[in-house]
Amino acid sequence: MKAVILIGGKALRLRPLTLRRPKAIVPILSQPFLSTQFALLRRAGITDIILCLASLPRRVEAAYGDGAAFGVSLRYAIEPEPLGTAGALRRLRAMLTEPFVCLNGDVLTDLDVRNLVETHERAQALLTLTVARVEDAAGYGAVRIAAGEEGGPPRVIGFEEKVRAGTPGRISVGIYVMAPDVLDRIPKGRAASLEYEVFPSLASDGTGEESRVAAHRHQGYFSDIGTLSRYHAAHRDALEGGIRIPGVGTPNPGGVIVDETASIHPDARLTGPAFLGPGAQVLPGARIGPYAVLGRRVRIEANAAVRDSILWADTRIGESAEISRTIFGGSSFVGPGAQVQGAVFGDKSTVAGHSVIPWPC
């Protein structure tokens, strides 16, 4: 079975983090994001993966190559012009002749993809959506389901785009199994949406027995990293053990994950949960955590403090600087004595020594 990962958007809601890099290679702890989806698919025995790209495709190719380093085989489908989630898939019709798994390129989850495929096969549907129940469906839109035939998987019978804030409901997680016939229903040569055009056309307005769409219930972890707040929250979830990130070690008794190549001075203080990635350096008197994430080769100078923050690779925090509730892109620098709270900086940012952000006026 093949899988397709849709990563065509420009990730505008993650800017400035995605000004120079696509969402597909944004790090989660110290791992590039798509590696979490590769691991998900590998566990289901799926290693033949097509990456459907539009924005900054060469950066993705440079990061993942042929996929061998991640235990998968990758092919790249680069859109000459963005055609939406459905239009992108329509271009792959000749490559997809059997049922396949499709993932949105920002879904972080522990879903058992093998169980999803089994649900699709039992339902004998054209399409199977992974759905989960949330306490507030307003930011997603709700999926209406009904009982399946003779005790089989439930069926999707409709979608509600406008949901009142605070209303519980089932939502689509963003991982599907599709029969190739679904692609024949997508118009050629124009932009089209899976969520707003194709899926509703397959779901019946009548009883569940008439629907061509099955529902697979997921009760584990899921999130999307498509906004700054969700990206930050996903790290807190990972540090608390809500989702395991492949390729990352386990916490020590103090709740801190320390890579074996990290260098921690005995006079530094670590407070869990926290993560110190490969090659990270923490100098005397520095205070790390809780909820601090130090990416690859991050250096924290003497007496600096970092808490509830995410520092991407090769970032350096100067002596006695204090960082809280902040994200720094890669290769950034914070000068000595600076105080930064509640901010987001893109790659190669510089904060001058003794700066105060924000100014507490």
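**Helix 1 and the turn after it**

I began at G45, which follows helix 1 and has a positive phi, near 80°. I note at once that this is a predicted model.

Next I looked back along helix 1 itself. It runs over residues 34-43, and 8 of its 10 residues are buried. I listed the buried ones: L34, S35, T36, Q37, F38, A39, L40 and L41. An α-helix has 3.6 residues a turn, so residues three or four places apart point the same way. In helix 1 the buried residues form an unbroken run from L34 to L41.

**The cores**

Where does helix 1 meet L51? I checked the contacts of L51, leaving aside its neighbours within four places in sequence. L34 and F38 are on that list. Both of these residues are buried in helix 1. L51 also touches I5, I7, V60, L74, R75, Y76 and A77.

I then asked which residues have the most contacts inside the largest nonpolar core. They are L51, V101 and Y231, and the core has 57 residues. Another core lies apart from it. I counted 33 residues there, among them A88, V143, V182 and V213.

**The whole protein**

I stepped back to take in the overall build. The protein has 7 helices and 31 strands. Its radius of gyration is 22 Å, close to the 21 Å that the globule rule gives for 361 residues, so the protein is as compact as a globular protein of that length. The C-alpha trace spans about 65 × 40 × 40 Å along its principal axes.

How much of the protein is buried? I found that 53% of the 361 residues count as buried. The exposed surface comes to about 15900 Å², and carbon and sulfur atoms supply 47% of it.

I also looked at contacts with a separation of 6 or more. Residues 24 or more positions apart account for 54% of them. For charges, I noted 40 positive and 36 negative ones. Their mean positions are 4 Å apart.

**R93**

I picked R93 in the loop between helix 3 (84-90) and strand 6 (100-104). What does R93 touch, leaving aside its neighbours within four places in sequence? The answer is P180, D181, L183 and D184. I also took its distance to W312, which is 219 residues away along the chain. The two C-alpha atoms are separated by 38 Å.

**Cis peptide bonds**

I looked up two cis bonds. One joins G272 and P273, with omega about 0°. P273 sits in the loop between strand 16 (269-270) and strand 17 (274-276). The other runs from I357 to P358, with omega near -10°. P358 belongs to the segment after strand 31 (356-357).

**P290, back to the cis bond**

P290 led me back to G272 and P273. It is in the loop between strand 19 (287-288) and strand 20 (292-294). Neighbours within four places aside, P290 is in contact with T271, G272, P273, R307 and D308. So both partners of the G272 to P273 cis bond appear among the contacts of P290, which is itself partly exposed at 32% relative accessible area. I compared P290 with G279 as well: 11 residues apart in sequence, 20 Å apart in space, C-alpha to C-alpha.

**Positive phi outside glycine**

I wrote down two residues here. N303 has phi near 65° and is not a glycine. I found N303 in the loop between strand 21 (299-300) and strand 22 (305-307). Is N303 buried or partly exposed? Its relative accessible area is 37%, so it falls in the partly exposed class.

S331 has a positive phi of about 55° and is not a glycine either. Its loop lies between strand 26 (327-328) and strand 27 (333-334). At 40% relative accessibility, S331 also counts as partly exposed.

**G139**

My last stop was G139, in the loop between strand 8 (127-134) and strand 9 (142-146). Its relative accessible area is 58%; exposed means over 50%, so G139 is exposed. S172 is 33 residues from G139 along the chain, and their C-alpha atoms are separated by 11 Å.

Terms used
Residues numbered from 1 in each chain as written. Predicted model: local features only at pLDDT ≥ 70, side-chain atom pairs only at ≥ 80, totals over all residues. Heavy atoms only, no water. Core = buried A, V, L, I, M, F, W, Y, C linked by side-chain atoms within 4.5 Å. Buried < 20%, exposed > 50% of the residue type's maximum accessible area, 1.4 Å probe, protein only. Contact = heavy atoms within 4.5 Å. Helix = DSSP H or I, 4+ residues; strand = E, 2+ residues; numbered from the N terminus. Rg over C-alpha atoms; globule rule 2.2 N^0.38 Å. Areas by Shrake-Rupley, 256 points an atom, 1.4 Å probe, with all protein chains shown as cover. Lys, Arg positive; Asp, Glu negative; His and termini not counted. Charge placed at Lys NZ, Arg CZ, Asp CG, Glu CD.
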